[in-house]
Amino acid sequence: MNSKEIILEKDIACTLRDGTILRADIYRPAENGKYPVLLTRLPYGKDDPFYSHRYLDTNRLVLAGFVVIVQDVRGRFKSDGDFFPFQDEAKDGYDSVEWAAKLPYADGNVGMFGLSYYGFTQLLAARERPPHLRAIFPAMTLNDLRNNMVYRDGIPSLASMKTWILESMVPDLLRRKYPDQKTYTEKMQQWAKALDNLPEEYAKSLEDGWPLLEDFGVAEEFFQIYRLAEDAPLWKQTSILNSYDQLQYPAVHLGGWYDSLLKSTIENYQHMQQKSNCCQRLIIGPWTHGDFGSAAGEREFGMKASESFLDGEEDLTNLHIRWFDHWLKGKNTNIEKDAPVKLFVMGSNVWRDEQEWPLARTTYTPYYFSSSGHANSRFGDGILIKNIPLEEPVDTYNHDPANPVPSLGGQNLYRGVATAGPRNQQDLEKRKDILVYTTPLLESALEVTGPVKVILWASSENEYAHFTAKLVDVFPDGKAYNLTDGTVKATFTGEGGHKGEPVCMEIDLWATSNVFMPGHAIRVEIASSNYPKFSVDKSRGKRQTVQTIYHDRDHPSHILLPII
């Protein structure tokens, strides 16, 4: 393009098959001609640059020769209709792609981009196979509403849902419900106060409802989702788990090691790589949800970790331009020469190209839990060893639902990005209801890259119990930074229906990539709560429960690490 002028058209109508009108802002080159379209569809307001232009430079996309369309989804901001999370995004996405392709300045080639909710609007639209869609770039997104957002391994993710609804959904719902400016302002002042005091709201159970939303008079219906049966139609509408063979589109799957949607981002790459005949790419940086900077939590990973200077070569906008130049314009941008997988290895703080995920050269190595029966807290005697223990006493701790282990960093999404990422666990590890197992100081560097899981033998006084596990990198000064964590809900009936029998369970810790440097140690924490990230087990009411962890020849509890 020779012209550096950009035309902005506001609130352009797109009429869907059912007559509903969605509205979009269109950024396009001033120079006459027909151009490929880059479309994103989001519920956060097309006019808000924090969302619509959060991690990409829209102007550069236009100057690179694309028409950029930012559309409010059904029932949000300037678009008509009724909103319910993800319910209509597949068919609405199909219609929007085909509408965009037929605009007078469009050449018929459409790509989609966006992260989180507007990462999934791409995949749901692609599931419907719109004829003019050519390529997508989903970042930090999900693949199944029930299992990746509403629940995790059967445990409600209420904190993230409450935060998402309050932070992102409520303001526009209030604007729609209260058109009177005075009432709307009063409600927004109440909203701001509620957001400031959000941690107090986490303690209110689902059974008691969420009085805060009842006071607002909006969004109560969103929590009906927790009462839906497993075979409810909504779950099929909002999932691509059984549709990967239909997703025949080139895609870049962009994720972060501390992203709350890391697992689904990786799964999307793996399944589309297996079932699609199209080029797939996976890129994972040391990022939290929606934040692509060089720092995460309490750690700094260097400028080459930042979206502004990826691997010292290009920024994230330029990567998008190269991707869409190739697939929408047919340009030779060397994108096909890029490695299928690009990972940021924490600890050594370098990017590395790989050919597959998980890495073919991985050696899955168990580190077994061991103690003399007193692994409680980091001051206890819990250790990690490479050989299966023979005869050892059990470790026990009291789970108190009235005083749960607080969440501290991790792959979180509640109260913004401030709660996510690596954070020093030292003070938390003083608690007696956390079992701590640590290796001796490492004499040489040890890389862990890939999926991580804990095999745990446990019993409980209760019929049901939650267990959590966390992988931690302990620095020479004692600071202990979390890498990844997971949870599981276990049932204890035993043979003949008796409680108290040991049960073997698997806790999925998702994945990480980290080099434990010389002088560091590997640590695993076991507990029964990680709150408010995961809902607390209150099946015994507020009564404390004794949890028992086994680690002997017949019950070899361990963490399975992907050693490179």
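Thr-439 sits in the loop that links strand S18 (435-438) to strand S19 (446-460). The model described here is predicted. Thr-439 has a relative accessible area of 8%, so this loop residue is buried, the limit being under 20%. Beyond residues up to four places away in sequence, Thr-439 touches Tyr-367, Leu-384, Ala-521 and Ile-522. The points below cover the cores, a buried tryptophan, a strand pair, the cysteines and some backbone features.

**Nonpolar cores**
- Nonpolar side chains tend to be buried together in soluble globular proteins.
- The largest nonpolar core in this model has 156 residues. Those with the most contacts inside this core are Ile-69, Ile-165, Trp-257, Leu-456, Phe-467 and Ile-526.
- Helix H6 (residues 158-177) gives this core its largest share, 9 residues.
- Another core, of 5 residues, lies apart from it. Among its members are Leu-428, Ile-434, Val-436 and Ala-527.

**Trp-510 and its contacts**
- Trp-510 belongs to strand S22 (residues 503-516).
- Trp-510 is buried because its relative accessibility, 9%, falls under 20%.
- Leu-262 is 248 residues from Trp-510 along the chain, yet their C-alpha atoms are separated by 7.6 Å.
- Setting aside neighbours within four places in sequence, the contacts of Trp-510 include Asp-259, Ser-260, Leu-261, Leu-262 and Lys-263.
- Other contacts of Trp-510 include Arg-152, Gln-411 and Thr-484. Gly-450, Pro-451 and Val-452 also touch Trp-510.

**Strand S17 and its partner**
- Side chains in a regular strand alternate between the two faces of the sheet.
- Strand S17 (residues 395-399) has a covered face made of Asp-395, Tyr-397 and His-399. Thr-396 and Asn-398 make up its uncovered face.
- S17 runs antiparallel to strand S24 (residues 545-550), and 5 bridges join the two.
- Thr-396 of S17 stands opposite Thr-548 in S24.

**Cysteines**
- A disulfide is a covalent bond between the sulfur atoms of two cysteines. The structure holds 0 disulfides.
- Cys-14 has a relative accessible area of 0%, so Cys-14 is buried.
- Cys-504 has a relative accessible area of 39%, so Cys-504 is partly exposed.

**Cis peptide bonds**
- Most peptide bonds are trans, and most residues other than glycine have a negative phi.
- Trp-357 and Pro-358 are joined by a cis peptide bond, with omega about -10 degrees. Pro-358 is in the loop between strand S14 (350-354) and strand S15 (363-370).
- Tyr-531 and Pro-532 are also joined by a cis peptide bond, with omega about 20 degrees. Pro-532 is in the loop between strand S23 (521-527) and S24.

**Positive phi values**
- Ser-116 is a residue other than glycine with a positive phi, near 60 degrees. Its place is in the loop between strand S5 (106-115) and helix H4 (117-127).
- Ser-116 is buried because its relative accessible area is 12%, under the 20% limit.
- Asn-349, also not a glycine, has a positive phi near 55 degrees. Asn-349 lies in the loop between strand S13 (341-345) and S14.
- Asn-349 counts as partly exposed because its relative accessibility is 27%.

Technical notes:
Residues are numbered from 1 along each chain as its sequence is written. This is a predicted model: local features need pLDDT of at least 70, side-chain atom pairs count only at pLDDT 80 or more; totals for chains, interfaces and linings use all residues. Side-chain values use heavy atoms; hydrogens and water are left out. Helices (H or I, at least four residues) and strands (E, at least two) are DSSP runs, numbered from the N terminus. Buried means under 20% relative accessible area, exposed over 50%, partly exposed in between (1.4 Å probe, protein chains only). Contact means heavy atoms within 4.5 Å. Two strands pair if DSSP finds at least two bridges between them. A disulfide is a pair of cysteine sulfur atoms within 2.5 Å. A nonpolar core is a set of buried Ala, Val, Leu, Ile, Met, Phe, Trp, Tyr and Cys residues joined through side-chain atoms within 4.5 Å.
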